[in-house]
2 protein chains.
Amino acid sequence: MPTDPKLPFDPIERAASIWSNRIGESTPMKLATSIMRVQQLILSELDAALRPYEITFARYEVLVLISFSAEGSLPLSKIGERLMVHPTSVTNAIDRLEAQGLVKRRPDVADRRRTFAELTAKGKDVMAASTKALMSIDFAIDGLDAKDQEKTYELLKALRSSAGDF
Amino acid sequence: MPTDPKLPFDPIERAASIWSNRIGESTPMKLATSIMRVQQLILSELDAALRPYEITFARYEVLVLISFSAEGSLPLSKIGERLMVHPTSVTNAIDRLEAQGLVKRRPDVADRRRTFAELTAKGKDVMAASTKALMSIDFAIDGLDAKDQEKTYELLKALRSSAGDF
DNA sequence: CTAAAATAGTCGGGCGTCCAACTAATTGCC
DNA sequence: GGCAATTAGTTGGACGCCCGACTATTTTAG
């Protein structure tokens, strides 16, 4: 496997160093891939627990968020802001939830650009039942004790805030 | 917001407890959502750094993995196994990489079920250049010092292994 | 008071991930 | 040896996420 002589390093060696743990070096890429893998694990568990209710974790979050609101409804933009997802992702989620009869769109008469989303009776039922299901699963996160969970959370919080994520 | 009397708890209160930090309680869901957010942040940074090379981090990982192999090629099944993704994700990634001329499929004459993927010259060039790019970005992970990175990694490793992820 | 800028939401398209189902080929077992 | 079980890869479809572009409305500035 010949190395391009123009390059200031051996690409193979360099790439290998991303994942291999060179003594005394920090290995950000190793951590990055680990985070991605853990995320995949957790999301898969959550989605599996929610499958009987025919919703995903993404949609579950939307349901919970709406039910939180004082008035029982939320403008779509607020949802996107709180969940930190793109506006189009909110449109997509609300589309599906509405098609399932769990959520209803309601225009804002005060500001006609805005649209509220509110739970239907069925939406509230599904939210309650799926919350119960989520509480009872044996969670990957539970592999850590409460103290380590807290420690991990604090480390990730530091990471996020230094990345400008509030 | 009336609560369904059939339910053994107030769904709204219960759901709220997922995210709010009740004193002295472990909050696995809070950690779960934090992990998902961090993953999103990191992946977005990596993909942005790779955009000039017209590849994503998912495809970058495939390139690196193939270049690692002793023979310079890898059966698709091995790629999926190492990256811990579904076989269809590998097919998808290799399809795109092949369409870009970065990878070539080669049938295995010994076992005709299998297909090897190997880098083209262009694939090697892109791998080298994009690796260089990834090395030079200011990474969200760098918000933690080397010691905290290691600590986080160890915590996540414990989490993964207890979830049966090897 | 009007024109420019900002905000809210949607549509179309690209990408990655998974699942179910299917074909082809190889292994294993009786 | 021959048929069942396993393995490798693909196809089609569902979902979530983002981006760019676009419409409609409201704010803001001159």
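Which helix gives the most to the surface near DNA strand C? That would be α5(B), with five residues. Before going further, keep in mind that this is a predicted model, in which local features need pLDDT of at least 70, side-chain atom pairs count only at pLDDT 80 or more, and totals for chains, interfaces and linings use all residues. Residues are numbered from 1 along each chain as its sequence is written, while chains are lettered from A and ligands numbered from 1 in the order in which they are written.

Let's start with chain A on its own. Its secondary structure comes to seven helices and three strands, taken as DSSP runs numbered from the N terminus (helices are H or I with at least four residues, strands are E with at least two). Walk along the sequence and you meet the pattern α-α-α-β-α-α-β-β-α-α. Of the 166 residues in chain A, 33% count as buried, a label for residues with 20 or more other C-beta atoms within 10 Å of their own, the C-beta atoms being placed from the backbone.

Now for the strands, seen in chain B. Here two strands pair if DSSP finds at least two bridges between them. Strand β3(B), residues 115–119, runs antiparallel to β1(B), residues 73–75, and three bridges join them. β3(B) also pairs with β2(B), residues 103–107, again in the antiparallel sense, over five bridges. B:E118 is a good residue to click on: B:S73 stands opposite B:E118, and B:E118 is the bridge partner of B:K104 as well.

Helix α6(B) covers residues 121–136. The expected span is 1.5 Å times one less than the number of residues, so the 16 residues should span 22 Å, and the end C-alpha atoms, 23 Å apart, agree with that. Its buried residues include B:V126, B:M127 and B:L134, but also B:K124.

How do the two chains relate? Superposed by least squares on the C-alpha atoms of residues with pLDDT of at least 70 in both, chain A can be laid on chain B with an RMSD of 0.0 Å by a turn of 180 degrees and a shift of 0.0 Å along the axis. The two copies are therefore related as by a two-fold rotation axis. The same surface serves both copies, since 100% of the contact residues of chain A recur in chain B. Contact here needs C-beta atoms, placed from the backbone, within 7 Å. The contact takes 53 residues from chain A and 53 residues from chain B. On the chain A side, α1 (11–19), α2 (28–50), α3, α6 (121–136) and α7 (146–162) each supply at least two residues. By class, that side has 31 nonpolar, 10 polar and 12 charged residues. Ala, Val, Leu, Ile, Met, Phe, Trp, Tyr, Cys and Pro count as nonpolar, Asp, Glu, Lys and Arg as charged, and the others, Gly among them, as polar.

Back to the DNA. A residue is near a strand if its C-beta atom, placed from the backbone, lies within 6 Å of it. Of the 24 residues around DNA strand C, A:S77, A:T91, B:T56, B:H86 and B:T88 come nearest. The elements giving two or more residues there are α4 (76–83) and α5 of chain A, along with α3 (57–68) and α5 of chain B.

Around DNA strand D there are 24 residues, and A:T56, A:H86, A:T88, B:S77 and B:T91 come nearest. For this strand α5(A) gives the most, with five residues. The surface near DNA strand D has seven nonpolar, 10 polar and seven charged residues.

Notes. Contact = placed C-beta atoms within 7 Å. Buried ≥ 20, exposed ≤ 12 C-beta atoms within 10 Å, placed from the backbone.
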